[in-house]
Amino acid sequence: MKFLPISLLILALATATTFAYDPSSLQDFCVAINDPKVFVNGKFCKDPKQVTADDFLFKGFRYPGNTANPLGSKVTPAFVDQFAGLNTLGISMARIDFAPGGLNPPHTHPRGTEILVVTEGTLLVGFVTSNQLNNTFFTKVLYKGDVFVFPIGLIHFQLNIGKTPALAFAALSSQNPGLITIANAVFGSKLPISADVLTKAFQVDKKVVDYLQAQFWYDNN
């Protein structure tokens with residue numbers, strides 16, 4: 001049996017790593033346009049001759065988000081769907097407003113690492129590692145000016161533990177990092193996940209599952 005040269009194995013690993021995140025742009029920019037008739041992995045490019053400075057401007061962070069909801073928080077995303085100039089650039093942002101006690105609930109971004117900076121207030125944040133690392137929980141209390149990073153794909157949250165509103169901004173390593181809110185996905189899926197699955201997975205009575213599936217799972221995005 002013949003073995004591949006070590007140089008080819010290294011090249012294969014490097015290539016796999018290269019394609020693990022947003023692909024590199026092959027031009028200066030590619031301002032997104034929507035075509036409802038065609039679906040592609042990303043967005044089509046606007047004709048560069050028709051691009052203006054406004055395509056690279058996002059005004060959605062100017063005003064506070066409405067935190068008058070069951071979670072007491074509001075996420076204002078600046079992903080490629082809201083900010084066309086981000087297309088192919090591999091970055092995005094979000095503004096997160098918190099009422100006192102407000103929570104950005106446990107969620108994941110399957111396609112992006114998140115780095116968060118607190119600009120007002122005090123937040124309790126944390127993330128949980130994968131099964132491989134025994135679901136270890138890392139948590140810190142963040143104050144104004146503190147920065148914390150949440151690795152790609154790991155479940156994380158932010159909670160305002162202060163008595164005043166809090167504000168944070170997040171940057172993510174993808175133009176479209178995706179979002180899976182854990183409670184909404186597990187108990188609010190369409191169609192519902194079988195109660196037999198959830199009772200065994202969570203080791204609880206079916207009445208508990210029925211109660212949770214009957215709740216309205218608010219989306220703060």
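This passage walks through the fold of a predicted model, then looks at a few strands and two serines.

Starting with the overall picture, the protein has 221 residues, and 33% of them count as buried. Its secondary structure comes to 4 helices and 12 strands. A good share of the contacts reach across the sequence: taking those between residues at least 6 apart, 71% join residues at least 24 apart. The exposed surface is about 14,000 Å², with carbon and sulfur atoms supplying 63% of that area.

Turning to the strands, 5 of them make up an open sheet, and its order reads S8-S7-S10-S5-S12 with antiparallel pairing. The edges of this sheet are S8 (137-142) and S12, each of which pairs on one side only. Inside the sheet, S7 (residues 123-128) and S10 (residues 155-160) run antiparallel and are joined by 6 bridges. One residue pair to look for here is phenylalanine 127, which sits opposite histidine 156 in S10.

Strand S11 has pairings of its own. S4 (residues 92-98) pairs with S11 in the antiparallel sense through 7 bridges, and serine 92 has leucine 172 of S11 as its bridge partner. S6 (residues 114-120) also pairs antiparallel with S11, this time over 6 bridges; here valine 117 is matched with phenylalanine 169 in S11. As for cover, S11 is mostly tucked away, with 6 of its 7 residues buried.

Just past S11 comes serine 174, in the loop that links S11 (166-172) to strand S12 (180-181). Despite the loop setting, serine 174 has a relative accessible area of 1%, so it counts as buried, the cut-off being under 20%. Its neighbours from elsewhere in the sequence, leaving out residues up to four places away, are Asp22, Gly90, Ile91, Ser92, Arg111 and Gly112. Ser92 in that list is the residue that bridges to leucine 172 in S11. Within the loop, a polar atom of the serine 174 side chain lies 3.0 Å from the backbone nitrogen of asparagine 176.

A second loop serine, serine 189, is found between helix H2 (182-187) and helix H3 (195-202). A polar atom of the serine 189 side chain lies 2.9 Å from a backbone atom too, in this case the oxygen of leucine 191. Further along the chain, tryptophan 217 is 28 residues away from serine 189 in sequence, and 9.6 Å separates their C-alpha atoms.

Definitions and conventions
Residues are numbered from 1 along each chain as its sequence is written. This is a predicted model: local features need pLDDT of at least 70, side-chain atom pairs count only at pLDDT 80 or more; totals for chains, interfaces and linings use all residues. Side-chain values use heavy atoms; hydrogens and water are left out. Helices (H or I, at least four residues) and strands (E, at least two) are DSSP runs, numbered from the N terminus. Buried means under 20% relative accessible area, exposed over 50%, partly exposed in between (1.4 Å probe, protein chains only). A polar contact is a pair of N or O atoms within 3.5 Å; within protein, one must be able to donate a hydrogen and the other to accept it, and residues adjacent in sequence count only if both atoms are side-chain atoms. Contact means heavy atoms within 4.5 Å. Two strands pair if DSSP finds at least two bridges between them. Accessible areas come from the Shrake-Rupley method with a 1.4 Å probe; for residues, only the protein chains shown count as cover.
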